[in-house]
Amino acid sequence: EVWLGTREEARAAHRGLRHVQECLTETELMAMKSTPTVSSDWVTIVLLAMRCGIAATTGRRLLWENVLFEQQEIEVTMRNARYPVRRLITGDLLDHLKSIRTQNDGKAPLCPVLSNMSNKEYTTAWLRVRSLLGLPASRTLSALTWPWKQAHPGQRDREILLNHIAALEKKWLSPAELVVASKIRILSNGAATPTTK
């Protein structure tokens with residue numbers, strides 16, 4: 001069954017989705033944090049997605065060594081990328097990570113319970129959390145990153161470009177190619193616009 005009517009619902013129907021996808025609201029996130037029966041792993045997953053744009057499936061496999069507390073950044077390797085990128089950690093996510101850190105083992109997962117689940121168990125566990133909080137079916141895991149994407153338009157494209165440049169720099173490049181790569185890097189960071197001749 002597909003709900004039709006609005007433009008978003010029509011797009012969902014075109015993609016064959018059963019429901020229009022929507023991200024959690026800040027109120028729903030606060031309810032999740034204050035519900036003792038909801039594992040802190042889920043709060044971590046949701047905060048990583050909403051604040052850093054890290055997909056839920058990627059976030060549940062992150063290790064403590066990926067969190068750079070002093071720089072207030074998190075290092076993550078995205079799908080189809082050879083090299084990791086760094087994203088800023090917001091204050092509420094930083095406070096949450098500090099509160100749940102119980103060991104100094106960098107190889108330990110941020111979400112120990114969720115990281116050991118199969119994909120099917122993981123999806124079923126999210127359905128239980130959603131039911132527990134009384135959330136509608138439209139609150140999907142894949143929509144959790146939308147607030148970050150809306151706040152950082154084009155960021156993912158710049159990260160992909162820099163990833164390609166980093167891959168090229170690992171190969172044997174001529175001096176002329178290195179100059180071109182450095183100009184593209186400046187352009188992608190938005191620091192300056194290189195002049196072309």
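## Helices H2 and H3

In this predicted model, helix H2 (residues 26-34) packs against helix H3 at an angle of about 155 degrees. Their axes are 10 Å apart. Angles over 145 degrees count as roughly antiparallel, so H2 is roughly antiparallel to H3. From H2, the contact uses Glu-26, Leu-29, Met-32 and Lys-33. From H3, it uses Trp-42, Val-43, Val-46, Leu-47, Met-50 and Arg-51. The crossing of H2 and H3 is left-handed.

## Helix H3 itself

H3 covers residues 40-52, which is 13 residues. From first C-alpha to last it reaches 17 Å. That is close to the 18 Å expected at 1.5 Å a residue.

Both ends of H3 have a local feature to note. At the N-terminal end, Ser-39 acts as a cap. A side-chain oxygen of Ser-39 lies 3.1 Å from the backbone nitrogen of Asp-41. Just after H3 comes Gly-53, with a positive phi of about 70 degrees.

## Burial of H3

How enclosed is H3 by the rest of the structure? It is largely enclosed, because 12 of its 13 residues are buried. The buried set begins with Asp-41, Trp-42, Val-43, Thr-44, Ile-45 and Val-46. It continues with Leu-47, Leu-48, Ala-49, Met-50, Arg-51 and Cys-52. Charged side chains are on this list too, among them Asp-41 and Arg-51.

For the protein chain as a whole, buried residues make up 38% of the 197 residues.

## H3 against H5

Helix H5 (residues 91-100) is another partner of H3. The two axes come within 10 Å and cross at roughly 155 degrees. H3 and H5 are therefore roughly antiparallel to each other. Their crossing is left-handed.

On the H3 side, the residues involved are Ser-40, Val-43, Thr-44, Leu-47, Leu-48, Arg-51 and Cys-52. On the H5 side they are Asp-92, Leu-93, His-96, Leu-97 and Ile-100. The spacing follows from helix geometry: an α-helix has 3.6 residues a turn, so residues three or four places apart point the same way.

## H3 against H7

Helix H7 (residues 119-133) packs on H3 at about 95 degrees, with the axes 12 Å apart. That makes H3 roughly perpendicular to H7. H3 contributes Trp-42, Ile-45 and Val-46 to this contact. H7 contributes Tyr-122, Ala-125, Trp-126 and Val-129.

Two of these H3 residues, Trp-42 and Val-46, also belong to the contact with H2.

## Arg-51

Arg-51 sits in H3. It counts as buried because its relative accessible area is 17%, and the cut-off is under 20%. Which side chain does Arg-51 join in a polar contact of 2.8 Å? The partner is Asp-92.

Setting aside residues up to four places away in sequence, Arg-51 touches Glu-26, Leu-29, Leu-88, Thr-90, Asp-92, Leu-93 and Trp-148. Of these, Glu-26 and Leu-29 are on the H2 side of its contact with H3, while Asp-92 and Leu-93 are in H5.

## Glu-73

Glu-73 lies in strand E2 (residues 73-76). Is Glu-73 buried or exposed? Its relative accessibility is 19%, so Glu-73 counts as buried. The side chain of Glu-73 makes a polar contact of 3.4 Å with the side chain of Arg-86.

Beyond its neighbours within four places in sequence, Glu-73 is in contact with Asn-66, Val-67 and Leu-68. Its other contacts are Arg-86, Arg-87, Leu-88 and Ile-89. Leu-88 is also touched by Arg-51.

## Thr-77

Thr-77 is placed in the loop between E2 and strand E3 (85-88). With a relative accessible area of 41%, Thr-77 is partly exposed. Outside its neighbours within four places, Thr-77 is in contact with Thr-58, Tyr-83 and Pro-84. The C-alpha atoms of Thr-77 and Ile-54 are separated by 9.6 Å. These two residues are 23 residues apart along the chain.

## The chain as a whole

The protein chain holds 10 helices and 3 strands. From the N terminus on, the order is α-α-α-α-β-β-β-α-α-α-α-α-α. Among contacts with a separation of 6 or more, 61% link residues 24 or more positions apart.

Notes:
Residues are numbered from 1 along each chain as its sequence is written. This is a predicted model: local features need pLDDT of at least 70, side-chain atom pairs count only at pLDDT 80 or more; totals for chains, interfaces and linings use all residues. Side-chain values use heavy atoms; hydrogens and water are left out. Helices (H or I, at least four residues) and strands (E, at least two) are DSSP runs, numbered from the N terminus. The expected span of a helix is 1.5 Å times one less than its number of residues. Buried means under 20% relative accessible area, exposed over 50%, partly exposed in between (1.4 Å probe, protein chains only). A polar contact is a pair of N or O atoms within 3.5 Å; within protein, one must be able to donate a hydrogen and the other to accept it, and residues adjacent in sequence count only if both atoms are side-chain atoms. Axes are lines fitted to C-alpha atoms, for helices over the stretch in contact, and angles run from 0 to 180 degrees between N-to-C directions. Angles under 35 degrees count as roughly parallel, over 145 as roughly antiparallel, 65 to 115 as roughly perpendicular and the rest as oblique. A crossing is left-handed if the near helix is turned anticlockwise from the far one by less than a right angle, and right-handed if clockwise. Contact means heavy atoms within 4.5 Å.
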